[in-house]
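Here are a few short exercises to work through at your own pace. Have a look at the sequence and the model, then try each task before reading its solution.

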Amino acid sequence: MRTAESLGAEERVFLAAYLRHLARVDDPAYQAELTRLNEEIDTGKKFTLDQVERLHETLKAQGL
């Protein structure tokens with residue numbers, strides 16, 4: 001098993017997001033939010049690649 005210190009910056013961002021998800025996965029409010037977001041996607045609300053890239057850059061700048 002590799003330690004977090006040995007990971008690259010992008011891998012650490014992914015690890016931080018994954019750990020945040022694990023910390024909230026059993027929270028009913030978080031589950032409801034995920035369900036709501038999935039329903040939006042199912043009804044056709046999608047994001048462009050440009051929107052996703054901008055969001056990624058914003059989160060990256062915040063260290064998330």
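The exercises below go from the overall fold to one patch on the surface. Please keep in mind that this model is predicted.

**Exercise 1. Describe the secondary structure of the protein.**

Solution. Start by counting elements: the protein has three helices and zero strands. Next, follow the sequence from its start, and the pattern reads α-α-α.

**Exercise 2. Set the radius of gyration of the protein against that of a compact globule.**

Solution. Begin with the reference: for 64 residues, a compact globule would come near 11 Å. Now take the protein itself, which has 15 Å. Then turn to the principal axes, along which the C-alpha trace spans about 40 × 30 × 20 Å.

**Exercise 3. Work out how the protein presents itself to its surroundings: what share is buried, and what supplies the exposed area?**

Solution. First, burial: 3% of the 64 residues count as buried, the cut-off being under 20% relative accessible area. Second, the surface: about 5700 Å² is exposed, and 60% of that comes from carbon and sulfur atoms. Third, the charges: there are 9 positive and 12 negative side chains, with the centres of the two sets 3 Å apart.

**Exercise 4. Locate F14 and explain why F14 counts as exposed.**

Solution. Place the residue first: F14 sits in helix α1, which covers residues 9-24. Exposed means over 50% relative accessible area. F14 counts as exposed because its relative accessible area is 61%. Finally, look at its partners: F14 joins Y18, L19 and L22 in a nonpolar surface patch, and together they have about 430 Å² of accessible area.

Conventions:
Residues numbered from 1 in each chain as written. Predicted model: local features only at pLDDT ≥ 70, side-chain atom pairs only at ≥ 80, totals over all residues. Heavy atoms only, no water. Helix = DSSP H or I, 4+ residues; strand = E, 2+ residues; numbered from the N terminus. Rg over C-alpha atoms; globule rule 2.2 N^0.38 Å. Buried < 20%, exposed > 50% of the residue type's maximum accessible area, 1.4 Å probe, protein only. Areas by Shrake-Rupley, 256 points an atom, 1.4 Å probe, with all protein chains shown as cover. Lys, Arg positive; Asp, Glu negative; His and termini not counted. Charge placed at Lys NZ, Arg CZ, Asp CG, Glu CD. Patch = residues over 30% accessible without salt bridge, like charges linked within 9 Å, V, L, I, M, F, W, Y side chains within 5 Å. Salt bridge = Lys/Arg side-chain N within 4 Å of Asp/Glu carboxyl O.
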